[in-house]
Amino acid sequence: MGPAQGRIGEVVEASSRRCAVQCYRLYESPPLGALARVGDPPVYALITEVSTEALDPGRPVIARGEDAATVEEVYRSNPQLDKLLCTRLRCLIVGHLRDGAPVAGLPPLPPKIHSFAHPCPADEAEALVSSPDFARLLLNSDLPSPDEVIVACLRLAGRQAADGQGLLHRAGNALARELSDQVPRLNAILRRLT
Amino acid sequence: MSVDGPLGEPLGMVVEGSLSRGVEVRLNPGVSVEEIQEGVYVTIKGERRLFFGMVTDVSLGSSDPRLAQSPPDVSDPFIARIVSGAVTYGALSVMPMLTMPPVLGDEEKPQPAKTVPAHFSITHRASQRDMEVVFGKEDSSRFYIGNPLDMEAQVCLNVEELVKRSTGVFGKSGTGKTFLTRLLLVGILQRDVASSLIFDMHNEYGWAGQDTDRNRQVQGLKQLFQSKVSVFSLDPESSIRRGSKMDFEVQVGYDEVEPADVELLRQTLNLSEVAAAAAYDLERKFGRKKWLQAFLGLAGRQEVYELANEIGVNTAALATLHNRLSQLKRYAFMKPRALDDSVKRILERLDQGVHVVLEFGRYGSNLSAYILVANLLTRRIHQRYVQRTEAAEGGSGAAPRPLVICIEEAHRFLNPNIASQTIFGDIARELRKYNVTLMVIDQRPSAIDSEVMSQIGTKVTCSLDDERDVDATLSGAQGRRELRSVLQKLDPKQQALVFGHAVPLPVVVRIREYGAGGSFQDLTRPKWQEGGYGPPTDEELDEQLKALD
Amino acid sequence: MSLNLGKTAQQIEGFAHSLKGAQNDRSRRLSEAVDAMRRAAPEEVRAKQSGPAAQRRFLYAVAGEGLGASHPPKSAPGNFCVLSVDGSHIDVDRHMPAACALVNIGGCVLRYGDDPDAYLYNEPSLYSDDRLYLTEQTPEGATEIPIEGAILGLMRTVEEVKALAPLIRDKAPADAPTLALLDGSLILWALAGQGYPELVRTEIIQRGLTPALDALREMSRRRVLALAAYVSLPRSREAANALRLHLCEFDSAECKRVCRPRRSPHSPCSMVNHLLDRELFEELLAPGQRSCLFSTNSSIVDEYGRGHRICFYYLHTGEEVARVEMPEWVALDKALLSLTHTLILDQTRRGMGYPVAISEAHEQAVIGGGDRRTFRELVDRSLVRRGMSISGSEKSRSKRMAWV
Ligand SMILES: Nc1ncnc2c1ncn2[C@@H]1O[C@H](COP(=O)(O)OP(=O)(O)OP(=O)(O)O)[C@@H](O)[C@H]1O
Ligand SMILES: [Mg+2]
């Protein structure tokens with residue numbers, strides 16, 4: 001019996017700017033840069049970090065595979081690991097629903113703890129990602145490596161969108177406006193989008 | 001190319017500027033700098049009014065000063081597309097020159113711009129309509145001289161304004177000065193606003209001209225305008241050889257030469273100041289009108305020495321003078337006394353509204369002959385104009401018809417050493433007081449006296465190489481810095497920067513094809529002139545066909 | 001007043017000196033004892049351990065074979081299951097506004113083999129009101145004993161054992177050999193010699209542990225199920241005392257008269273003095289080997305009921321020598337005995353020296369410092385919300401904080 005259809009996990013920390021989601025299953029997380037639709041009213045959260053760590057912060061994870069041939073073997077011979085480790089998503093809150101349409105920007109209220117996180121539908125992701133506010137929000141965030149996240153996000157959105165090229169172009173333009181005085185940085189991002 | 005309609009293709013928006021420096025226009029992302037050349041016209045839709053201006057510089061800008069050190073991967077079309085426009089952009093420097101009437105087609109005329117368009121005003125490529133509003137349509141006072149760069153619109157010169165002041169046609173050799181001058185003369189002829197006297201040094205204006213590029217002949221003014229043009233010649237042999245229809249053979253009598261003429265020949269004859277000044281002593285000795293014949297009549301060195309002693313002139317100087325002036329004897333047109341009074345004949349023609357081309361024939365290559373004759377004739381014609389103008393002012397008789405005197409190699413008459421003494425210098429300086437203006441054609445404008453240059457009303461300048469020539473041409477012009485860069489980028493042929501009284505603003509013109517499509521109909525029977533001179537006569541057609549052979 | 005550190009230091013110096021001498025003596029005795037263990041033949045050992053001669057003032061392990069015997073492990077089955085239950089509790093706090101205690105039972109089921117899986121759980125239960133007392137109505141009147149301190153600890157141990165059977169039933173696959181592991185000793189030492197009233201013993205053993213063990217034995221008849229308890233760093237000397245008995249040159253009565261319960265002043269059995277079982281087996285066992293099987297002659301175990309006598313062996317895990325205890329019904333079944341040996345060894349290997357299942361059950365059960373505070377606050381808050389005074393907590397708070 002798995003989690004309800006397509007559900008990723010639950011919010012375990014939330015503030016206006018960011019939230020953390022704990023995945024229901026170890027290693028079963030959307031990739032970096034994916035958008036999640038969290039809670040009700042929905043808030044859009046961009047996955048900026050995927051981490052797997054001990055559920056109990058007090059218990060360090062130790063190496064176990066010295067004699068194992070494969071990682072799978074390590075997990076097979078230590079079945080408890082599935083329950084002791086958990087995959088968490090650090091998310092940047094990037095948008096919300098206003099008048100029925102997704103808009104980039106911070107929501108009036110953060111999602112509730114234990115709100116469910118679902119993958120964001122492609123059309124909503126597309127609307128968010130190509131908005132100029134989205135680029136600005138990300139670039140001005142205090143993420144340690146916002147560019148990596150941006151690249152991951154746009155590549156993903158580009159692949160999922162009906163008109164991927166158009167999306168990348170709109171998003172690229174938005175980025176260019178923000179990074180017009182940082183060409184090497186802009187270039188590094190754009191290069192990885194094609 | 002240009003968009004017909006109220007406004008042309010939008011190019012970008014004004015981001016900064018000043019009246020003295022002009023405004024900066026940032027190009028829209030889709031517009032490539034490569035599509036816009038310097039000298040192109042734009043209209044800027046300000047908050048309150050429409051400005052008309054010229055692109056004086058095209059530049060590339062970037063919002064990142066380090067762009068050059070780490071350029072983006074523009075080989076990737078995606079990156080190139082995004083970077084251009086957002087990070088890199090094209091920019092135009094635009095000199096706002098006119099404010100246009102708020103409603104096109106208004107009676108109001110464009111006015112010189114006294115302010116600049118507000119921030120973010122949208123800049124458009126000037127449309128056909130804009131150009132028409134500014135440069136007017138070809139009509140009874142405006143002559144279609146050519147097209148602005150990049151546009152099919154016409155640039156028209158106000159010919160009435162043109163002839164009111166002196167005109168300069170400059171450009172290095174082969175740039176099209178002669179063709180251009182011929183066009184200007186056509187413009188004057190078409191509108192009949194003045195008569196002209198052309199000192200046709202190289203025999204290019206009267207009957208036919210040489211189109212060296214296409215290696216053919218083009219029709220000269222006589223062929224085009226027949227009875228409206230009279231060809232005078234110093235060298236009938238040459239005229240006959242060239243098949244030129246000559247109306248009058250010009251002879252110059254020794255009695256017509258004055259000591260001042262000798263002064264003018266100092267350079268070409270390589271005379272010292274003392275030697276040139278000796279002519280005045282000779283005149284005193286032998287009397288007006290007689291001195292030259294007497295002087296040249298001296299037989300041998302001894303007589304010259306004796307004369308020198310007699311009139312107290314340095315013997316060596318006088319000997320040199322004698323030696324050099326003796327050259328005149330070799331000129332067939334020089335006679336002890338002319339058979340007919342050429343000046344009178346010329347004046348008659350001019351009074352009738354006929355334009356006179358004086359062909360020099362083989363003497364065109366002899367500067368001394370050219371300078372002597374041009375100066376001599378002009379001086380006397382001018383005298384008559386002065387007299388008649390003053391008489392008209394005094395209430396007796398009509399003022400003479402405006403006259404445009406056309407000289408090639410103008411600096412020979414107008415260089416700073418002699419400009420104050422020659423009749424050409426006088427004409428240039430006195431403006432149109434006596435209804436005479438100059439059309440000076442020169443490849444060395446820097447050699448022309450700056451005071452004269454400053455009196456030139458309209459300058460039509462083809463490509464110039466020499467910095468000094470450029471400076472001389474632009475001295476006194478508004479927006480010199482911008483015009484300078486425009487001027488430096490002219491094509492080496494058939495392109496000119498026109499500025500001054502005959503145009504509302506400086507304009508770069510692709511000079512219209514003289515004899516476009518092998519036909520000269522557009523010159524003789526311009527569209528605006530319904531009927532004009534009527535259909536060509538059989539005779540005219542025959543002549544045209546002959547010229548084409 | 002502050003301590004006279006000068007005098008204290010002097011005394012510590014002297015003590016350390018004598019300790020050093022004792023240590024040298026001890027290592028000599030240890031090797032002698034190990035030799036003696038090796039030499040102790042099964043018949044001789046058995047002879048001393050039966051009949052009236054077996055009566056001693058010290059507790060010794062009853063061995064079925066030679067004291068020095070050792071057994072290598074068998075190989076583990078392909079599919080098997082190891083599960084464990086552990087507990088943790090918050091004792092009654094006099095400074096709390098209301099008397100209550102919390103027992104948290106945590107467990108884990110680990111499946112190895114073709115279909116590996118893990119199940120972890122924990123279940124807290126609050127002891128309050130009637131549940132906080134052991135009560136008995138006798139003709140003389142009602143007896144009431146509060147459940148706290150050591151008794152609460154015993155109750156918790158019973159709860160742990162009780163939790164095993166349902167866990168096995170619900171979460172362990174019936175077709176896989178299963179080992180149920182407990183942390184610590186199966187012998188309720190806390191009951192020994194404390195003079196607890198009969199009620200306590202009845203409640204904890206007859207009504208607690210014994211039925212729980214019965215249930216497990218019942219299950220083990222229908223499936224391959226072994227029960228074992230793992231004692232890490234055991235401090236027991238039962239095996240050493242078996243050697244002492246073996247070496248004793250006195251008869252039972254004489255020994256009782258001249259010898260002391262903890263150490264013998266007489267040679268040769270004095271060589272065993274202060275030696276721990278695990279010290280002996282560290283020498284006797286190679287990594288992976290287990291010792292011979294012993295059974296305890298502790299009187300507490302007598303009350304466990306038939307078949308539940310506790311047996312044990314020592315196991316060299318590679319990291320340490322641990323004591324593995326199990327009821328007789330496991331010990332006497334060769335297959336189950338060897339299953340405990342194999343799987344515990346396997347568990348300690350997977351668990352870096354400690355059985356994984358026990359660690360995980362412990363992690364599930366453990367109540368951390370933060371949780372303990374939270375528990376108190378929860379109690380306080382619930383009472384306050386219902387308008388009850390919590391003045392008692394002031395004192396408790398001041399106790400927890402070191403005021404200056
Ligand atoms: N408007 C024009 N129409 C047709 N051809 C032209 C025109 N202008 C220039 N050309 C071409 O350029 C050639 C040179 O022009 P032109 O003789 O007028 O130059 P220039 O400046 O007078 O030279 P120079 O200084 O040697 O007298 C012409 O022979 C002709 O082939
Ligand atoms: Mg020429």
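In this predicted model, strand β3 of chain A, covering residues 35-38, runs antiparallel to β7(A), and 3 bridges hold the pairing together on paper. Within that pairing, A:A36 sits across from A:P119 of β7(A). Strand β7 of chain A, residues 116-119, also has a partner in strand β1 of chain A, residues 9-14; that pair is antiparallel too and counts 2 bridges. Here A:E10 is the residue facing A:F116 of β7(A). So β7(A) pairs with β1 of chain A as well as with β3 of chain A, going by the rule that two strands pair when at least two bridges are found between them.

Turning to the neighbours of chain A, chain B comes up first. The contact brings together 17 residues of chain A and 16 residues of chain B. About 1400 Å² is buried between chain A and chain B, with 66% of that on carbon and sulfur atoms. Three residues stand out on the chain A side: A:H169, A:V183 and A:N187 together account for 35% of the area chain A buries against chain B, more than any other three residues. As for polar links, 7 residue pairs are in polar contact between chain A and chain B, and the interface has 1 salt bridge. That salt bridge joins the side chains of A:R191 and B:D73, at 3.7 Å from N to O. Helices α6 (164-178) and α7 (183-191) of chain A are the elements that give two or more residues to the side touching chain B. By type, the residues on that side of chain A come out as 7 nonpolar, 7 polar and 3 charged.

Next is the contact with chain C. Chain A puts in 12 residues here and chain C puts in 15 residues. Between them, chain A and chain C bury about 1100 Å², and carbon and sulfur atoms carry 55% of it. The interface of chain A and chain C has 3 salt bridges. One of them links the side chains of A:R59 and C:E363, with 3.7 Å between N and O. Polar contacts between chain A and chain C number 6 residue pairs. On the chain A side, the elements giving two or more residues to the surface that touches chain C are α1 (71-77) and α2 (81-84). The residues of chain A that touch chain C split into 4 nonpolar, 3 polar and 5 charged.

Notes:
Residues are numbered from 1 along each chain as its sequence is written. Chains are lettered from A and ligands numbered from 1 in the order in which they are written. This is a predicted model: local features need pLDDT of at least 70, side-chain atom pairs count only at pLDDT 80 or more; totals for chains, interfaces and linings use all residues. Side-chain values use heavy atoms; hydrogens and water are left out. Contact means heavy atoms within 4.5 Å. Buried area is the accessible area (1.4 Å probe) that two parts lose on being put together, summed over both. A salt bridge is a side-chain nitrogen of Lys or Arg within 4 Å of a carboxyl oxygen of Asp or Glu. A polar contact is a pair of N or O atoms within 3.5 Å; within protein, one must be able to donate a hydrogen and the other to accept it, and residues adjacent in sequence count only if both atoms are side-chain atoms. Helices (H or I, at least four residues) and strands (E, at least two) are DSSP runs, numbered from the N terminus. Ala, Val, Leu, Ile, Met, Phe, Trp, Tyr, Cys and Pro count as nonpolar, Asp, Glu, Lys and Arg as charged, and the others, Gly among them, as polar.
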